[in-house]
Amino acid sequence: MSFFLTSFIHLTKRGTMEEVIKIKGGKKLSGVVNISGSKNNCVSLIPAALLSKGLVVIHNIPPISDVYRLVDILEKCGVCITYTDNTLIIDSSNLVYKDLTMPEMGKLRASYYFYSVFLGLFKYVKANTIGGCRLGDRPIDLHLYAFKQLGANIIEEDGTYIFDGTNLKQGHIIFEKSSVGATVNAIILATQIKGKTIIENVAMEPEITELINFLCEMGAKIKGKGTNTLIIYGGQEMHGVEFSNIPDRIEVGTYALIGASLGNNLKIKPVIPEHIQSLLELFNVLNINYQIKNDTMIISASPIKQGVVILTSPFPGFPTDLQQPLTTFLSISNGTSVIIESIYHNRFAHVKELNKMGANININNMNIIIHGVDTLNGTIVSGKDLRGAASLVLAGLMAKGETIVRGLDYINRGYENMIVKLKKIHANVEIVSMELEEQ
Ligand code: EPU
């Protein structure tokens, strides 16, 4: 009896094997980073492809786990998918209705774009609530408001929604605040409803513009692209299309911050400068040594001699998705900086981990106050969400000594082959298996 008890205690203390990222910091980085297709764009294009029964071909789709989860959902609904060399071919001619209550729905946030797709196509959806990184409250009231404005009847019970679209009709939607997801869902549903729908105060992120381009190439009629008011003449015949996903502006920003910390003429491409204007403005203020030639950014390590104040806000403001890598970047500097996180109430899990590495950062309400230090020191840190984990990889690259970053699964949700890309630019980084206590 006592033998079994002792072995049990031993086992729980030893923990389990886990794949982690091992980084030996301080190396200068040079060469070329090839940027993948945008995660947040393709996760709306893939569900929206179902609006056409014709063949939809989308190039530059990154092999990240969010894409695989969407493909799993499509296949469960009878859609035939071919995915080779980052090109996704979607044949939905045999699409059948399935309740969207499968476990995959809970694994990513963008699964809720199937709500609007199915509501328009089948006039009924039973669906689970959705997943996504835990960044504080992430309500979907604006999505539900938009659906109701277009005639949907919605019942919510124990984490399940039932959407009834028997009385769908054109409508007028005025969003009280900017939401990427609610704008996408409103566009997709309105595109399927006969008549003229007006949507005001829409999100203006580049991913919205690209969704509109995609739908219009399939036959939709949408006016107002790039402004905050859209007019959708819904119910058009939709046909197949061949389309290319845009480069991921958040991946560009992440590698740009890596380059500004450790680059030696590091090249990043392709880059669409208008998509990262707010980051470039910050680089200008901080005298970061970078230039953009055609679609390539060339960037070198530049010491930060002053503090800055940055507010995250909807596009064209500074993206919340870069707040975490930026926190790391500013942690080694000669000044005190403040980042005001205005989008998410709890996108701060990285701060405690950075402080373990010797950073001096406090959080006061939604303000991240970064007192610059001279160095970070390697240790074991845990990423708790996608961009937070990426910010810890940056910290490991900047730090003295060896850093172990936990949370590889989060990185794989949104960054294609991050470790391979870092190795290619000479970072001392590898994935290793380690026995660690469960978190
Ligand atoms: N909000 C509401 N009600 C709603 C919807 C949103 O109050 O019904 C609030 C949110 O809580 C947040 C703000 O509005 O405070 C903006 O949220 P938004 O709806 O714009 O975010 P999202 O569509 O859920 C997308 C990206 C996020 C990115 C945000 C902001 C996808 C799949 N996700 O999320 O990306 O942070 O826009 O730009 O497109 C990431 O890539 O790491 C990521 C989290």
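## Ligand site and Ser-278

A polar backbone atom of Pro-139 lies 3.2 Å from an oxygen atom of the ligand. Taken alone, the ligand exposes 820 Å², and the protein buries 91% of that. The model is predicted.

The ligand occupies the largest pocket. Its shell holds 25 residues, of which Ser-179, Val-180, Asp-321, Ile-343 and Arg-387 come nearest. By class, the shell residues divide into ten nonpolar, nine charged and six polar.

Which helices each supply at least two residues of the shell around the ligand? They are helix H2 (39-48), helix H5 (141-149), helix H6 (180-192) and helix H12 (386-398).

Polar atoms of the protein also approach oxygen atoms of the ligand. The table sets out three such pairs, one from the backbone and two from side chains.

| Residue | Protein atom | Partner | Distance |
|---|---|---|---|
| Pro-139 | polar backbone atom | ligand oxygen atom | 3.2 Å |
| Lys-39 | polar side-chain atom | ligand oxygen atom | 3.3 Å |
| Tyr-112 | side-chain N or O atom | ligand oxygen atom | 3.3 Å |

Now to another residue, Ser-278. Ser-278 lies in helix H9, which spans residues 277-285. Is Ser-278 buried or exposed? Its relative accessibility is 14%, so Ser-278 counts as buried; the cut-off for that class is under 20%. The side chain of Ser-278 also has a polar partner: it reaches the backbone oxygen of Gly-317 at 3.4 Å.

Technical notes:
Residues numbered from 1 in each chain as written. Predicted model: local features only at pLDDT ≥ 70, side-chain atom pairs only at ≥ 80, totals over all residues. Heavy atoms only, no water. Near = heavy atom within 4 Å. Polar contact = N/O pair within 3.5 Å; in protein donor to acceptor, adjacent residues only side chain to side chain. Areas by Shrake-Rupley, 256 points an atom, 1.4 Å probe, with all protein chains shown as cover. 1 Å grid on protein atoms, 1.4 Å probe; cavity = no way out; pocket = protein on both sides within 12 Å on 5 of 7 lines; lining within 4 Å. Sits in = over half its atoms within 2 Å of the grid points. Helix = DSSP H or I, 4+ residues; strand = E, 2+ residues; numbered from the N terminus. Nonpolar A, V, L, I, M, F, W, Y, C, P; charged D, E, K, R; others polar. Buried < 20%, exposed > 50% of the residue type's maximum accessible area, 1.4 Å probe, protein only.
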